[in-house]
Amino acid sequence: MTSRPTLGLRARLLFAFALLSVVTAAAVAGGIYVQARNAILQATQDTAVQAMTNRLDAVFPLRSATPDPAELGEIARTVTDRNSSAVAVFGAARSPGGLDLALVPRQVRRAVADGEVAWQRVIWKNAPILIIGTPLLIVEGDRPTRLSGIEVYTARSLLDEERSVDGLAASAWLIGGAALAFAVVLALLATRGVLRPVRELGRAARLLGEGELRTRIAVTGSDELAELARTFNNTAAELERHVRQLREMEADARRFVADVSHELRTPLAALTAVADVLDEDSTRLPEPAGRAARLVSQETLALTGLVNDLIEISRFDSGVAALALNEVDVAELVHATLRARGWSDSVQTELPPEVTARLDPRRMDVILANLVGNALRHGEPPVSVRLSAGPRWIELEVRDHGPGLEEAVLPHVFDRFYKASAARARSEGSGLGLAIARENARLHRGDLTVANAPDGGARFTLRLPRVAQEPDGDSA
C-alpha cells in the first residue's frame with residue numbers, strides 16, 4: 001500500500017499565504033472595480049440625461065403641434081453632440097438619418113410611451129452605447145404637459161468610459177499581482193523563521209533516535225517554539241539520565257553474571273570429578289544411594305552446562321567473542337556434528353557436495369547441535385537438515401514435522417531463558433541455547449530465523465555469508 005505524497009510545511013505555508021493574498025486582492029480589487037465602474041457609468045448616464053433635457057428646452061416654443069420630418073430632424077439635431085446621434089419620432093413620422101430606431105430597446109420605448117425618461121446600455125458593432133429616451137414635454141402654466149406623440153431618442157458612445165473602466169481593471173489586477181508577490185515574500189520570510197527551529201528540532205530528534213543522547217537545542221525567544229525546544233531539552237536530559245542508569249544497571253548485571261560464572265567454574269570442576277566417580281559407583285550402591293548419586297551427577301552436568309552458557313553469553317555481551325575462521329566443507333561439517341552425537345541415523349540430510357565457506361567450525365557445531373537437538377527432543381520425526389548455496393550466501397534449514405510453535409511463541413523463541421510449553425514439552429535446558437545460536441550466527445554477519453512450515457513443524461533457517469569477516473567491537 002503506497003502512501004500519498006504530501007506537501008512540505010514550507011509549501012503549505014506558501015500556498016496558504018498566496019491563496020489568502022489572491023482571495024483578499026480579488027475581493028478588494030473586485031469591490032473597488034464594481035463600485036468605480038458603477039460610479040463612472042452612473043455619472044455618464046446622469047450627465048447625458050441632463051444634457052439631453054437641457055438641449056430639449058431650446059426647441060420651445062414648437063412651431064407646430066404636429067411636426068413633420070423636417071421639424072423632427074431639427075429637434076434631433078438640437079439634442080445631438082459630437083459623441084451622440086439622435087432620432088425624433090412622432091407617430092409614424094421620424095427624423096431623417098441619425099439614430100436607427102431599431103437599436104432602441106423595447107423596454108425603453110414602452111417607458112417613454114408612458115411618459116418617463118428611460119435609458120439602457122447596449123452593444124452595437126462591438127462597442128457599448130447608451131440609449132436615452134424621453135417624451136417631449138411643454139409647460140402650460142405651472143405644470144409640465146406631455147406633447148402628444150413626440151419622442152426623442154439619443155445614442156451616446158461609451159468607448160471612453162469603457163477605456164477608463166478597462167484601465168481601472170488593469171490597475172486592479174496589477175495591484176493584486178503586486179500584493180501576491182509581496183505576500184509570497186512575506187510567506188518566505190515567515191516560513192524561514194518558523195521552519196528553522198522546526199528543522200532544528202527534527203534534526204535533534206533524529207540524532208536522539210540514533211543514540212546521540214547529548215543532543216540539545218539552542219533556545220531563543222519566549223514563543224511556543226521556544227517552549228517546545230525547552231520541553232525537548234528537558235525530555236532529552238531525562239532520557240539520557242534514565243538510559244545512563246539502565247546501562248549502569250545492565251553493566252552491573254553482566255559483570256555479576258560473568259564474575260559468578262567464572263567463580264563457579266573451579267568448584268564445578270571438582271564437583272564434576274566427584275559426580276563422575278559417583279556415577280561410576282552408582283550401580284554398586286544400594287538403590288536409594290545409587291539413585292541419589294545419579295541425580296547428583298545429572299544436576300552437576302546441568303549446572304556445568306548452565307555456567308558455560310552464561311560465560312558464553314557474557315562474552316557476547318562484553319564484545320570479546322571472536323571467530324576462528326577456516327575454509328570448511330559445509331556438508332562435511334554437518335555430517336561431523338551429527339556423527340559426534342550419534343544422530344546420523346535419526347536425521348535426513350540434503351547436503352550438496354563441494355559447498356565451501358569461510359566459517360568458525362566450533363561455533364557452527366554449537367548452532368547445528370542446538371537446532372538439531374531441539375528438533376529431536378521437542379519435535380516429531382522426520383527431522384531434516386537441508387543446505388542451499390548461492391554465490392555469496394549459504395542457507396541451512398533444520399525442521400521437524402511436529403505441531404510447530406504457537407504464533408505467540410514465535411517472537412520469543414530466541415529470548416534468553418525463554419521456554420515454550422504450549423506446543424512442545426517443557427525443556428530441560430537453561431533456555432539459553434537458541435539465544436547463543438543466534439548470537440553465533442550474527443557473529444558471522446548472518447542471522448537465524450524461525451517459522452512454522454506450511455505442512456507442519458518448526459523450521460529454523462540459518463543464513464550465513466560464504467566469506468565471513470572478523471567482527472569489530474561494536475558488532476560483537
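**Exercise 1. List the residues that Phe460 touches in this predicted model, leaving out those up to four places away in sequence, and place Phe460 in its core.**

Step 1. Phe460 touches Leu371, Leu396, Glu397, Val398 and Val413. Its list also holds Phe414, Leu434, Leu448, Thr449 and Val450.

Step 2. Turn to the core. The largest nonpolar core has 39 residues, and Leu396 and Phe460 have the most contacts inside it.

Step 3. Assign the elements. Two or more residues each come from α7 (330–340), β8 (356–359), α8, β9 (383–389), β10 (393–399), α9, β11 and β12. The largest share, seven residues, is that of α8.

Step 4. Look for another core. One of 18 residues lies apart from it, and includes Ala76, Ala88, Leu130 and Ile132.

**Exercise 2. Find the buried residues of helix α9 and name the elements they pack against.**

Step 1. Helix α9 spans residues 433–443. Its buried residues are Leu434, Ala435, Ile436, Ala437, Asn440, Ala441 and Leu443.

Step 2. These buried residues pack against two helices, α6 (287–318) and α8 (361–378), and two strands, β11 (447–452) and β12 (458–465).

Step 3. Follow the chain onward. Arg445 comes after α9 and sits in the loop between α9 and β11.

**Exercise 3. Which backbone values stand out at Glu354, Arg445 and the Pro381–Pro382 bond?**

Step 1. Start from the expectation. Most residues other than glycine have a negative phi, and most peptide bonds are trans.

Step 2. Glu354 has a positive phi near 60 degrees. Glu354 lies in the loop between β7 (347–350) and β8. Exposed means over 50% relative accessible area. Glu354 reaches 72%, so Glu354 counts as exposed.

Step 3. Arg445 is not a glycine either, yet its phi is positive, about 65 degrees. With a relative accessible area of 34%, Arg445 is partly exposed.

Step 4. The peptide bond joining Pro381 and Pro382 is cis, with omega about 0 degrees. Pro382 belongs to the loop between α8 and β9.

**Exercise 4. Is Phe182 buried or exposed, and which residues share its nonpolar surface patch?**

Step 1. Locate Phe182: helix α4 (residues 159–209).

Step 2. Its relative accessible area is 55%, so Phe182 is exposed.

Step 3. Phe182, Val185, Leu186 and Leu189 make a nonpolar surface patch of about 390 Å².

Step 4. Check the spacing. An α-helix has 3.6 residues a turn, so residues three or four places apart point the same way.

**Exercise 5. Summarise the whole protein: elements, burial, contacts and surface.**

Step 1. Count nine helices and 12 strands.

Step 2. Of the 476 residues, 35% are buried.

Step 3. Take contacts with a separation of 6 or more: 63% link residues 24 or more positions apart.

Step 4. The protein exposes about 28300 Å², with 56% supplied by carbon and sulfur atoms.

Notes: Residues are numbered from 1 along each chain as its sequence is written. This is a predicted model: local features need pLDDT of at least 70, side-chain atom pairs count only at pLDDT 80 or more; totals for chains, interfaces and linings use all residues. Side-chain values use heavy atoms; hydrogens and water are left out. Patches are made of residues with over 30% relative accessible area and no salt bridge: like charges are joined within 9 Å, nonpolar side chains (Val, Leu, Ile, Met, Phe, Trp, Tyr) within 5 Å. Accessible areas come from the Shrake-Rupley method with a 1.4 Å probe; for residues, only the protein chains shown count as cover. A salt bridge is a side-chain nitrogen of Lys or Arg within 4 Å of a carboxyl oxygen of Asp or Glu. Helices (H or I, at least four residues) and strands (E, at least two) are DSSP runs, numbered from the N terminus. Buried means under 20% relative accessible area, exposed over 50%, partly exposed in between (1.4 Å probe, protein chains only). Contact means heavy atoms within 4.5 Å. A nonpolar core is a set of buried Ala, Val, Leu, Ile, Met, Phe, Trp, Tyr and Cys residues joined through side-chain atoms within 4.5 Å.
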